[in-house]
Amino acid sequence: YMKSPAGSMLLARREEGITHIQFEEGKYVVKPKPNWRREDAPLLESIDQLRAYFDGQQFRFDLPLAPIGTPFQQRVWEALRRIPCGETRTYGEIAQAINFPTGSRAVGAANGRNPIAIVIPCHRVIGANGKLTGYAGGLRVKKALLEHENRMASKEGAQLALAEGW
């Protein structure tokens, strides 16, 4: 576990890469399995990059990832990784990006099952009306992450557009 401004986060990996970065509180909480062992050293780079993200020093991650999911989920998660910091996409836009134009609900389901929060930025997906929708870490955390990224991206000249009243 690591402490972050967004709450305590569970990090896990296997030899191929990171399998979990999830909030300790929220929807779809993963608890360590009996066969998991605590080894901090393989996760130190992940922790360093996440701390740099929260400190506003970095918003691109260079970590080996090994999320466990269906082939469809993998396609969605790869599309999420292409959303730049300071930008958002709708579920429909992600569905279009993966050539499944009628699949916005399926994209939403895959988005909700993302096991690697922040690094696979599912928080950057919003409703078609521009409003925030569900987030496993809670809408308060989603809003805070987007505001944090907006501040970082605005340093680079980008702006995040969100609808009023969310």
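# Reading burial, packing and backbone in a predicted model

Modeller: Ile118 lies in the loop between H4 and E4, and this residue of the predicted model is a useful place to begin.

Colleague: What is the sign of phi at Ile118, and is this residue buried or exposed?

Modeller: The phi angle of Ile118 is positive, about 70°, although Ile118 is not a glycine. Burial is read from relative accessible area, with under 20% as the cut-off, and Ile118 therefore counts as buried because its relative accessibility is 1%.

Colleague: Which residues have the most contacts inside the largest nonpolar core, and how many residues does that core have?

Modeller: The general idea is that, in soluble globular proteins, nonpolar side chains tend to be buried together. In this model the largest nonpolar core has 38 residues, and those with the most contacts inside it are Phe23, Leu80 and Ile118. At least two residues of this core come from each of strand E1 (9–14), strand E2 (17–23), helix H1 (44–54), helix H2 (71–81), helix H3 (91–97), H4 and helix H5 (139–155).

Colleague: At what angle do H2 and H4 pack, and which residues make the contact?

Modeller: The axes of H2 and H4 are 9 Å apart, and the two helices pack at an angle of about 80°. An angle from 65 to 115 degrees counts as roughly perpendicular, which is why H2 is described as roughly perpendicular to H4. On the H2 side the contact is made by Phe72, Gln73, Val76, Trp77 and Leu80, and on the H4 side by Ala106, Val107, Ala110 and Asn111. Sorted by class, the contact of H2 with H4 has seven nonpolar residues, two polar residues and no charged residues. Leu80 takes part in this contact and is also one of the residues with the most contacts inside the largest nonpolar core.

Colleague: How many aromatic pairs are there, and how should the geometry of Tyr53 and Phe54 be read?

Modeller: A ring pair is read from the distance between the ring centres and the angle between the ring planes, where planes over 60 degrees apart count as edge-to-face. The count comes to four aromatic pairs. In one of them, the rings of Tyr53 and Phe54 have centres 5.2 Å apart and planes at 75°, so the pair is edge-to-face. The rings of Tyr53 and Phe61, with centres 5.6 Å apart and planes at 40°, form a pair that is tilted. Ring pairs thus link Tyr53, Phe54 and Phe61 into a cluster.

Colleague: Are Tyr53, Phe54 and Phe61 buried or exposed?

Modeller: Tyr53 is buried, with a relative accessible area of 0%; Phe54 counts as buried at 14% relative accessibility, and Phe61 counts as buried at 16%. Within H1, the buried residues are Ser46, Ile47, Gln49, Leu50, Ala52, Tyr53 and Phe54. Just after H1, Gly56 takes a positive phi of about 80°.

Colleague: What phi does Asn99 have, and where is Asn99 placed?

Modeller: Asn99 has a positive phi of about 60° although Asn99 is not a glycine, and its place is in the loop between H3 and H4. Asn99 is exposed, with a relative accessible area of 69%, whereas Ile118 counts as buried at 1% relative accessibility.

Colleague: Where is Gly17, and with which residues is Gly17 in contact once its neighbours within four places in sequence are left aside?

Modeller: Setting those neighbours aside shows which other parts of the chain meet a residue. Gly17 is placed in strand E2 and counts as buried at 0% relative accessibility. Beyond its neighbours within four places in sequence, Gly17 is in contact with Pro64, Leu65 and Ala66. The C-alpha atoms of Gly17 and Leu63 are separated by 7.5 Å, with the two residues 46 apart along the chain.

Colleague: How far apart in space are Arg113 and Ala136, and how far apart are Arg38 and Ala97?

Modeller: Separation in sequence and separation in space are best read side by side. Arg113 and Ala136 are 23 residues apart in sequence and 8.3 Å apart in space, C-alpha to C-alpha, while Arg38 and Ala97 are 59 residues apart in sequence and 38 Å apart in space. Arg113 is placed in the loop between helix H4 (104–112) and strand E4 (125–126) and counts as partly exposed at 46% relative accessibility. Arg38, in the loop between E2 and H1, is exposed, with a relative accessible area of 66%.

Conventions
Residues are numbered from 1 along each chain as its sequence is written. Side-chain values use heavy atoms; hydrogens and water are left out. Buried means under 20% relative accessible area, exposed over 50%, partly exposed in between (1.4 Å probe, protein chains only). Rings of Phe, Tyr and Trp (its six-membered ring) pair if their centres lie within 6.5 Å; planes under 30 degrees apart count as stacked, over 60 as edge-to-face and the rest as tilted. A nonpolar core is a set of buried Ala, Val, Leu, Ile, Met, Phe, Trp, Tyr and Cys residues joined through side-chain atoms within 4.5 Å. Axes are lines fitted to C-alpha atoms, for helices over the stretch in contact, and angles run from 0 to 180 degrees between N-to-C directions. Angles under 35 degrees count as roughly parallel, over 145 as roughly antiparallel, 65 to 115 as roughly perpendicular and the rest as oblique. Contact means heavy atoms within 4.5 Å. Ala, Val, Leu, Ile, Met, Phe, Trp, Tyr, Cys and Pro count as nonpolar, Asp, Glu, Lys and Arg as charged, and the others, Gly among them, as polar.
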